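Me: Please take a close look at one single part of this structure. Then set that part in the context of the chain around it, in terms a first-year student can follow.

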Amino acid sequence: MIAELGLAALWLAAALAALQMIAGFMAVRQGASSELAGLIRPAAVVQGVLVTFSFAMLVWLFAITDLSVKLVASNSHSMKPLIFKLSGSFGNHEGSMLLWVMVMGLAGALIAAVERRLPESTMNATLAAQGVVSLGFYAFLLLSSNPFERLPTPAAEGMGLNPLLQDIGLVFHPPTLYLGYVGLSVAFSFAVGALLTRQVTPNFARAMRPWVLGAWVMLTIGITAGSYWAYYELGWGGWWFWDPVENASLMPWLAATALLHSASVLASRDALRTWTVMLGVVAFSMSMVGTFLVRSGILTSVHAFAVDPERGTFILVLLGIFIGGALLLFALRANTIREGERFALASREGALVFNNVMLSAILAIVLLGTLYPLLTEAFDVRVSVGPPYFNPVGAIFTIPMFAVMAVGPLLRWRQDRIDRIGKEVALFAALVLAALVLVSLLSEIAILPLLGLAFGLGLAVASLMPLRRRKLSRTPLSTWGMIVAHFGVAVALLGMASESAFTEERLAAVEEGGSVTVGPWTVVLQGVEPVAGPNWTAIEGRLAASYGGGETRVLTPQSRNFWAPLQQTTESALSTRWNGQLYAVVGDRAADGRWQLRLWWKPFVTLIWYGGLLIALGGVLALVGRVLSDLRHRRLASRIAERRADREAVA
């Protein structure tokens, strides 16, 4: 009965999405005279409630391990720990898509309930566009990916969840990414609504900006968490491999970063109107492209749940309808978008446009590198595109972007002179040059890590320069957000460059009681013993590691064997210090009785994820600052309106 309730709620939510779409477009066409206009907001709110109920039913089915439901039998097991039963509800294709639709429904409900800044016609068009997107995903779920499908005969036992996904990272990584993707779908709907009603105005940008900021923060957290999860879970010692599925989340983030800056300029300075609308379409396009890559079955990855070409075709059709329709609408209405306020090249707006162009170029590079192997494979030509392409080609645009990021916040709006900030520019250039010379003299490293270290140091100092001559207690939260986010970029860049430049690796065969050194660490293999978990067995190494002959730390890497499903995984062990991490993996036993150990010493690698969290924190500060500022402006406008009404009443 639980499955039937969930499915019924999903059908009703889809029907309300259709009503929201039809009523919205009729209201746009007929204006205030439309009899259905009053149904749009309630339909969106009730739809959000129903789809949330549907997802709750799916989670309950996994919690009780209802093996009469095909999805549960295929992705769970009665012996699996409860936390992985619950997270397993979205650790599969159908469940993850239902999570996506639930978040989208809740977002539409929130817009309908609280958004009052836009003209009613634009709001109706926005909710209609959101209804189109939601209805497409409802159709995908109900027609090709029903999460509540029953088995003719209940299974005796479940097949279990992919062991690589049986980690706490599954609880955080997919939900944060989906929150980001859905936030971009809201930005897309706002852009389409503004185009339909020809209302590309600062108010439109102010309404869209919190959603873009929230989506960007969630994508940042999701990418950061996913990177660290893959780093410690897969046991290969890397934090980013330019895997197509990794790129699928990076591409929307790049577009969202450009959109965020463009929307802020439009909201506060009434400029970059066309840029903002176009980037709203592009950002959601990239999340749809990522969805297609992950769900179509054309990729083989731990993240790629779908293997059915029919589903890939369905998503490709949705992508064509949503994005093709939006681009056609943009082409038809682009000439009606007023230019907005002009600005000089030497201005903060000019710096933002330059960096938006750089971000767009990097996005094109990642998109090309991701799709090219898939295109060549269609002609039976297998090509691998990895770091040798992405790193140097991306650096061509990343390095100028970092330079402009360092000085751009120091420029004035509208028009400025570079010589006015000559001292700051000179300081940034001097820091970069000094770091280049110093690091190259102290160590022989490749050019890209060298540039990363130099620009990371320069950007870290430059990101704090906007605080000069400011009273810190009166600095707006949005300004603090920008500073923290830019400082986070510098920290992450320093971590990436350090990991690439200074990592040391050691692969050794060690007998019990033997030792091996890697960097400043001495590691002794004290023993290897069998251990058992709730649904796995493992061999566990016991390593005594000391840094420079100091205090000994015990590490316990494992090689696990799961029985539902049958699969072997490598569980790394990490020892973290302020200046880096020791990363240890235990392998098989050789014929002579020695055990294989793989060790890495990664100086300052943790800065990568600390930087990512700082970037997200900057976004949170900016979001809170913008929301509080909007509330103050609304209260002020309300008071002014009340006083005006009182004066008119007295007169």
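**An exposed arginine and its surroundings**

Reply: With a relative accessible area of 73%, R469 is exposed, because the limit for that class is over 50%. The model is a predicted one, and every value below is computed from it. R469 is found in the loop that runs between α15 (447–462) and α16 (477–502). Its backbone also deserves attention: phi of R469 is positive, about 65°, although the residue is not a glycine.

A second arginine can be described in the same terms. R198 has a phi near 55°, again a positive value in a residue other than glycine. R198 belongs to the loop between α7 (169–197) and α8. Its relative accessible area is 48%, so R198 counts as partly exposed.

Let us return to the helix that follows the loop of R469. Helix α16 contains S478. This serine has a relative accessible area of 19% and is therefore buried, since buried means under 20%. What does S478 touch, leaving aside its neighbours within four places in sequence? S478 is in contact with L621, A622, G625 and R626.

The next feature lies at the surface. L477, L617, V620, V624, V627, L628 and L631 make a nonpolar surface patch of about 490 Å². Helix α17 (residues 607–650) provides the largest share of this patch, with 6 residues. L617 has its place in helix α17, and at 40% relative accessibility this leucine counts as partly exposed. As background, nonpolar side chains in soluble globular proteins tend to be buried together.

Burial of that kind is found in the largest nonpolar core, which has 154 residues. Within this core, F137, F188, F190, F204 and F322 touch the most other members. Helix α8 (residues 202–233) gives the most to the core, namely 15 residues. Apart from this core lies another one, of 19 residues, with L543, L582, L599 and W601 among them. The phenylalanine F188 shows how residues distant in sequence can meet: apart from neighbours within four places in sequence, F188 is in contact with V133, G280, V281, F284, F322, I323 and A326.

Charged side chains form a further set of links. Side chains of opposite charge can pair when their charged atoms come close. The structure holds 12 salt bridges. In one of them, the side chains of E4 and R150 meet at 3.0 Å, N to O. E4 lies in helix α1 (residues 2–30) and R150 in the loop between α6 (120–144) and α7, so this pair ties together parts that are 146 residues apart in sequence. Both partners count as partly exposed, E4 at 38% relative accessibility and R150 at 28%.

Another salt bridge joins the side chains of R273 and D270, at 2.8 Å from N to O. Are its partners buried or exposed? R273 counts as buried at 7% relative accessibility, and D270 counts as buried at 13%. A further pair is R417 and D419, whose side chains meet in a salt bridge of 3.0 Å, N to O. Here R417 counts as partly exposed, at 49% relative accessibility, whereas D419 is exposed, with a relative accessible area of 57%. Salt bridges with shared partners also join E4, D66 and R150 into one network.

Finally, these parts may be placed in the chain as a whole. The chain has 17 helices and 10 strands. Its radius of gyration is 27 Å, close to the 26 Å that the globule rule gives for 651 residues, so the chain is as compact as a globular protein of that length. Along the principal axes, the C-alpha atoms fill a box of roughly 95 × 75 × 55 Å. Of the 651 residues, 55% count as buried; S478 is buried, while R469 is exposed. Among contacts with a separation of 6 or more, residues 24 or more positions apart account for 73%. The accessible surface of the chain comes to about 28,100 Å², and 64% of this area belongs to carbon and sulfur atoms.

How values were computed:
Residues are numbered from 1 along each chain as its sequence is written. This is a predicted model: local features need pLDDT of at least 70, side-chain atom pairs count only at pLDDT 80 or more; totals for chains, interfaces and linings use all residues. Side-chain values use heavy atoms; hydrogens and water are left out. A nonpolar core is a set of buried Ala, Val, Leu, Ile, Met, Phe, Trp, Tyr and Cys residues joined through side-chain atoms within 4.5 Å. Buried means under 20% relative accessible area, exposed over 50%, partly exposed in between (1.4 Å probe, protein chains only). Helices (H or I, at least four residues) and strands (E, at least two) are DSSP runs, numbered from the N terminus. Contact means heavy atoms within 4.5 Å. Patches are made of residues with over 30% relative accessible area and no salt bridge: like charges are joined within 9 Å, nonpolar side chains (Val, Leu, Ile, Met, Phe, Trp, Tyr) within 5 Å. Accessible areas come from the Shrake-Rupley method with a 1.4 Å probe; for residues, only the protein chains shown count as cover. A salt bridge is a side-chain nitrogen of Lys or Arg within 4 Å of a carboxyl oxygen of Asp or Glu. The radius of gyration is taken over C-alpha atoms; the globule rule is 2.2 Å times the number of residues to the power 0.38.
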